[in-house]
Amino acid sequence: MTTLVPMTMLGVHVGAREDDADPLAEARESGADGVQIFLADPQGWKAPKPHPLADQLRSSDLDIYVHAPYVLNVATTNNRIRIPSRKLLQQHMDAAASIGAVALIVHGGHLGAGDDPEVGFANWRKAIAYTDIKVPLLIENTAGGDNAVAREADRIGRLFDAIDGAEGSELVGFCLDTCHAHAGGIALDTAVERLLSLTGRIDLVHANDSRDPFDSGADRHTNFGTGQLDHEAFVDVVRTAGAPVIAETPGGPVEHKADFDWLLSRL
């Protein structure tokens, strides 16, 4: 691949929120330039509470990213999930803006086995129109699910075609997760070129190795160089995407520092 723009930021995801935890301190101990956090239980439906370190987050020199809960699914045809998901999306959007976040990341979601994918794309367009987007909203590709909206490259492209032109769509971007791409059947050696051609943008890279084989559908991250990714292609994704990078790998500052050292030595 031809080098595009060098990596602009190397950050780390710091786990589930605990009110006595300091994500900024953990990120700095890892040697990171940025940090990604949850603002509520990632498996729950409760609205985020005011963050106890909101002032420090807003004034930090680190780039702050927020990941929305995994349960959120605005694509589904199930009203009992889709409508609460829209509400939860707005709540996390408001909370992300309140701490000065760079962006809010959300998974693409999925449909039922017999549902038409076009309905899911249309539901995403409606969700964007309904949401007061205060910070960039980044849709992330997902690893598994037979009727996932954003697992396969072609569906990702159709999703972005569907939302193009919706009110607020100029603030909607794409987050490329390397483990999810590998697990979802998107070859990393051509992922940047292919996804840029389909979405027009890559705004963030979630850099993760994978414990499982290609196209397995399994979302199990592991530390850089220890999994089943094509590691040369993995490094090339980081090199050529021209986007900030967040590592969502296991462990704490020691393990994350080792991940950064592994990656930077190859860049």
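Select Val35 and look across to S3: the bridge partner waiting there is Ile64. Bear in mind as you click around that this is a predicted model.

Now widen the selection to the two strands. S2 covers residues 34-37, and S3 covers residues 63-67. The pair runs parallel, held together by four bridges. While you have sticks on, remember that side chains in a regular strand alternate between the two faces of the sheet.

Next, keep S3 and switch on a surface for everything else. Is this strand largely enclosed or not? Four of its five residues are buried, that is, under 20% relative accessible area, so the rest of the structure largely encloses S3.

Time to zoom out and colour by secondary structure. You should be able to pick out nine helices and 10 strands in the chain. Line the view up with the principal axes, and the C-alpha trace spans about 45 × 40 × 30 Å. How does the radius of gyration fit a compact globule? For 267 residues the rule expects a value near 18 Å, and the chain comes in at 17 Å, which agrees.

Colour by burial next: 55% of the 267 residues count as buried. If you draw contacts between residues at least 6 apart in sequence, 77% of them link residues at least 24 apart.

Finish on the outside. The accessible surface comes to about 11200 Å², with carbon and sulfur atoms supplying 48% of that. For a last selection, grab the charges: there are 22 positive and 39 negative ones, and their mean positions sit 7 Å apart.

Technical notes. Residues are numbered from 1 along each chain as its sequence is written. This is a predicted model: local features need pLDDT of at least 70, side-chain atom pairs count only at pLDDT 80 or more; totals for chains, interfaces and linings use all residues. Side-chain values use heavy atoms; hydrogens and water are left out. The radius of gyration is taken over C-alpha atoms; the globule rule is 2.2 Å times the number of residues to the power 0.38. Buried means under 20% relative accessible area, exposed over 50%, partly exposed in between (1.4 Å probe, protein chains only). Contact means heavy atoms within 4.5 Å. Accessible areas come from the Shrake-Rupley method with a 1.4 Å probe; for residues, only the protein chains shown count as cover. Lys and Arg count as positive and Asp and Glu as negative; His and the chain ends are not counted. The place of a charge is taken as NZ of Lys, CZ of Arg, CG of Asp or CD of Glu. Two strands pair if DSSP finds at least two bridges between them.
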